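Me: I would like a close look at one part of this protein, the stretch towards the end of the chain. Please explain each term as you use it.

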Amino acid sequence: MDSLCLKSPLGDLTVFEVEGQIVALDWGHGLDTPRKTDNPVLNRVAAALQLYFKSGKESFRTLPLDPGGTEHQRAVWKAMQAIEAGETKTYGAIAKEINSSSQAVGMACGANPMPILIPCHRVVAQNGLGGYSADGGVETKATLLRLEGARL
């Protein structure tokens, strides 16, 4: 496993790579996590995140993401990846789309191993933003949506 720590407007983010695949993005970093690397996959992710935080534009769908997870989680994460930057979809709408429940969709959102890259922040409650499991909670979710130009 290789990792890279990146500075972002939301604090440090650490991205993890295994065998050419991104497997996780965590908030914060370990003291031994490098801030530079020769790893081309991690450098691609770093460039994509820098562009995202600068412009709100994202190109994460072309990254080699391997989030693992259960069949249900992967279905939810795939539905999240289909939501365009600046748009939102409710837990209920995704649940209907994949023949699940809103609560199960919310649990899969909370289990997302790579927030931002798999945009769980774009999934909202019927009446409000809903939750967000990353550092800063719902305020971080709102910050990401504002960055993308979403109406809150």
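Reply: The answer below goes from the whole chain to its core, and then to the part you asked about.

The model is predicted, so local features need pLDDT of at least 70 and side-chain atom pairs count only at pLDDT 80 or more, while totals for chains, interfaces and linings use all residues. Residues are numbered from 1 along each chain as its sequence is written, and side-chain values use heavy atoms, with hydrogens and water left out.

The protein has five helices and five strands; these are DSSP runs numbered from the N terminus, H or I over at least four residues for a helix and E over at least two for a strand. Their order from the N terminus is β-β-β-α-α-β-α-α-β-α. Of the 152 residues, 45% are buried, which means under 20% relative accessible area, with exposed over 50% and partly exposed in between (1.4 Å probe, protein chains only).

Next, the core. The largest nonpolar core holds 38 residues. Such a core is a set of buried Ala, Val, Leu, Ile, Met, Phe, Trp, Tyr and Cys residues joined through side-chain atoms within 4.5 Å. Ile22, Leu49, Met80, Ile116 and Leu117 have the most contacts inside this core. Helix α1 (40-55) is among the elements that give two or more residues to the core, and its eight residues are the largest share. Contact means heavy atoms within 4.5 Å. Leaving out residues up to four places away in sequence, Met80 touches Ile94, Cys109, Asn112, Ile118, Pro119, Cys120 and Val123.

Now to the part itself. Helix α5 covers residues 137-147, and its buried residues are Gly137, Thr140, Lys141, Ala142, Leu144 and Leu145. Their cover includes β3, α1, α3 and β5 (123-124). After α5 comes Gly149, with a positive phi near 85°.

Strand β5 contains Val124. Is Val124 buried or exposed? Val124 is buried, because its relative accessible area is 8%. Again leaving out residues up to four places away, Val124 touches Thr88, Lys89, Thr90, Tyr91, Leu129, Lys141 and Leu145. Two of these, Lys141 and Leu145, are buried residues of α5. From Val124 to Gly106 is 18 residues in sequence and 9.2 Å in space, C-alpha to C-alpha.
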